[in-house]
Amino acid sequence: MAIGVLLKQVPDTTAKIGVSEGRVDETAVSKWSMSPYDEYALESALRLKEAGGEDVVAITCGPTRAAKMLTDAAAVGVDSLLHVLVDDLSALDSTQVQSILAAALGRADCDVVFCGKQAADTNAGSTGPGVALLLGASCVSHVSEVSPDGGGYLALRASTGGDERVQVSAPCIFAFDKGDEELRRPNVRGIMMAKKKAIETISPSDLGVSLDNSRVTVVSHTPPPEKPPGQKFEGAESVATVVGKLRDEANVI
Amino acid sequence: MDVTVIADSTADGLNPVTAQLVGAASSIGGTTTVLCPGGVGSSQASAISGVAKVISVEGDCFGTFEGGAWANALNSLATGELILAAASPRGRDIAASLAAIRKIPVIQDVTGLEAGMVVTRPIYSGKAIETSNVSTPCVITLRANAFDDAPEGGSADVGTVNQSADVGLAVKEALAKASERLDVTEADIIISGGRGMGDPSNFSHLNEVADIIGAAVGASRAAVDTWDEIPHSMQVGQTGKTVTPSLYIAVGISGAIQHLAGMKTSKYIVAINKDPDAPIFGVADYGIVATWEDALPVLKSELAKL
Ligand SMILES: Cc1cc2nc3c(=O)[nH]c(=O)nc-3n(C[C@H](O)[C@H](O)[C@H](O)COP(=O)(O)OP(=O)(O)OC[C@H]3O[C@@H](n4cnc5c(N)ncnc54)[C@H](O)[C@@H]3O)c2cc1C
């Protein structure tokens with residue numbers, strides 16, 4: 001058995017997103033990074049290993065460029081790397097992506113899985129619960145901390161009434177929110193070792209997943225609507241004017 | 001078209017987004033059945049205009065939240081060609097799980113919906129908008145405040161069904177909510193503080209303003225990371241909460257791109273910042289160049305006059 005961590009490479013949160021000919025222009029993205037919530041998932045997976053857990057396998061589904069992110073994960077301590085090569089992830093619907101990831105987790109023999117609660121590109125949040133369902137696993141979402149507890153795990157999750165500590169046993173998936181733990185940074189030795197680490201690269205069909213037609217077709221991408229420029233006032237005296245405008249112009253108070 | 005709406009609720013009853021789900025269903029000509037997990041809010045739901053039927057879905061499994069278990073319990077009743085839920089944390093979990101059970105696509109956080117299933121949604125945290133065609137059956141979650149509320153005035157029949165499902169997790173400890181204040185995702189007005197507040201104790205000034213206008217208090221990541229007193233549950237932005245209130249007041253927040261990602265689509269944005277070049281002014285409808293020390297007392301007294 002192994003600890004699985006699902007990672008996605010996305011445009012860095014500081015990158016500009018441009019649209020050309022009705023599609024987001026990925027070639028213009030200046031920097032690709034690991035999706036922020038996935039970083040917390042990865043950190044927690046590594047801590048679980050250090051607390052006496054199994055080896056950590058990082059799995060991604062994405063184009064060739066995503067291999068770099070796996071190497072980055074190896075640099076902070078991931079034991080093995082699995083890359084399911086899919087050139088255009090946006091052409092797949094949620095069911096297809098989840099089938100691939102579930103099959104990859106099965107191949108890597110993972111019964112405890114960490115992922116981000118949503119990716120910074122699609123902002124959807126379907127992966128954790130969807131993959132859990134396919135694996136017959138429990139999904140705990142909005143988790144910020146996981147620790148071993150007897151034969152199972154204790155997870156801290158945000159809930160509608162406040163935070164809760166919940167107990168769960170394998171097979172299970174933890175979909176991570178921002179955690180409280182400091183993220184580890186790679187050291188030189190880690191980076192050198194990671195360069196030598198092999199990435200197992202496979203295709204969806206190697207996993208026995210056939211990709212028939214996606215039931216979601218992207219029609220277009222557009223830039224967000226421009227907001228008309230706002231009004232700017234100097235000094236605290238202007239607060240009264242603004243309150244008046246919020247009441248009379250905007251009708252929000 | 002038959003539409004199944006999964007009611008969005010807390011222990012206290014329905015969240016306002018539930019009426020927006022019904023409104024969106026009606027706008028595309030749907031015949032709407034509302035499922036109330038755990039039976040919460042079923043009489044409230046029956047009073048929403050446009051609802052054909054309410055099913056109060058009861059069972060032990062609703063005592064603890066687990067998206068997969070709830071979806072299993074709701075599945076046999078979720079017979080609509082379109083299943084709508086809220087893009088809330090729970091709604092998203094239930095939606096993704098239902099879609100996986102039924103092997104149908106799920107589209108999350110939709111802000112525009114047309115018959116023939118054309119959906120629009122923000123992607124890359126609002127840096128672009130995606131329009132797609134989705135074949136039915138499908139599951140769609142809607143962003144709060146992106147659709148108009150269906151009015152009150154309905155009187156749909158309420159049926160009760162008992163369901164069961166295996167729950168794989170158990171709550172060992174419920175930690176007190178960091179504050180009894182309204183959560184930012186539930187609020188129609190939000191006032192947020194950043195590192196410019198100088199000290200966590202100064203958030204009391206934001207609380208006072210919030211109390212006057214019934215607002216929730218939020219924070220930037222710098223405030224959350226710097227001060228233990230400001231919990232992550234208050235954080236707005238890329239790695240915090242995404243909010244779409246009618247009014248967002250940013251105080252001592254510079255307006256980093258990751259903060260904007262969580263609040264840019266607010267209907268009106270007010271910024272109070274002492275630096276006239278702060279990026280937050282680029283998205284503010286009303287910008288006030290002043291220190292919060294000067295501006296908040298005036299804001300308090302002006303709001304108190306309303
Ligand atoms: C992957 C990633 C994810 C992130 N996610 C988030 C997120 O979810 N949310 C988030 O907010 N940030 C996020 N950040 C952090 C973000 O980049 C900024 O660092 C953060 O938003 C800055 O917070 P701030 O505006 O409070 O602080 P600062 O940038 O330090 O700004 C403080 C502001 O206060 C003003 N000020 C100072 N004193 C006063 C005064 N007396 N009166 C009035 N104004 C005053 C200053 O002029 C300044 O503009 C993320 C960053 C990364 C890399």
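Here are three short exercises on this predicted model, each with a worked solution.

**Exercise 1.** Work out which chains surround the ligand and which residues come nearest.

*Solution.* Start with the shell, which holds 27 residues. Residues from chains A and B surround the ligand, so the site is shared between chains. Next, look for the nearest residues: these are Ser220(B), Thr239(B), Ser254(B), Gln258(B) and Asn273(B). Then turn to the helices of chain B: H6 (221-226), H7 (257-263) and H8 (292-305) each give the shell at least two residues. Finally, sort the shell by residue class, which gives seven nonpolar, 15 polar and five charged residues.

**Exercise 2.** Find polar side-chain atoms that lie 2.7 Å from an oxygen atom of the ligand, then state how much of the ligand the protein buries.

*Solution.* Begin with Gln235(B), where a polar side-chain atom lies 2.7 Å from a ligand oxygen. For Gln258(B), a side-chain N or O atom is 2.7 Å from an oxygen of the ligand. The side chain of Asn273(B) also places an N or O atom 2.7 Å from a ligand oxygen. As for burial, the ligand taken alone exposes 990 Å², and the protein buries 79% of that.

**Exercise 3.** Trace the open sheet of ten strands from edge to edge, and place helix H2 of chain A against its strands.

*Solution.* Read the order as E13(A)-E7(A)-E6(A)-E1(A)-E8(A)-E12(A)-E9(A)-E10(A)-E11(A)-E13(B), with mixed pairing. The edges are E13 (199-202) of chain A and E13 (169-174) of chain B, each pairing on one side only. From one strand to the next, the twist averages 30 degrees. Now zoom in on E6(A) and E7(A), which run parallel and are joined by six bridges. Within this pair, Val57(A) has Ser80(A) as its bridge partner. Lastly, helix H2 (residues 67-75) of chain A lies across E6, E7 and E13 of that chain, at about 170 degrees to E7(A).

Terms used: Residues are numbered from 1 along each chain as its sequence is written. Chains are lettered from A and ligands numbered from 1 in the order in which they are written. This is a predicted model: local features need pLDDT of at least 70, side-chain atom pairs count only at pLDDT 80 or more; totals for chains, interfaces and linings use all residues. Side-chain values use heavy atoms; hydrogens and water are left out. A residue is near a molecule or strand if one of its heavy atoms lies within 4 Å of it. A polar contact is a pair of N or O atoms within 3.5 Å; within protein, one must be able to donate a hydrogen and the other to accept it, and residues adjacent in sequence count only if both atoms are side-chain atoms. Accessible areas come from the Shrake-Rupley method with a 1.4 Å probe; for residues, only the protein chains shown count as cover. Helices (H or I, at least four residues) and strands (E, at least two) are DSSP runs, numbered from the N terminus. Ala, Val, Leu, Ile, Met, Phe, Trp, Tyr, Cys and Pro count as nonpolar, Asp, Glu, Lys and Arg as charged, and the others, Gly among them, as polar. Two strands pair if DSSP finds at least two bridges between them. Axes are lines fitted to C-alpha atoms, for helices over the stretch in contact, and angles run from 0 to 180 degrees between N-to-C directions. Contact means heavy atoms within 4.5 Å.
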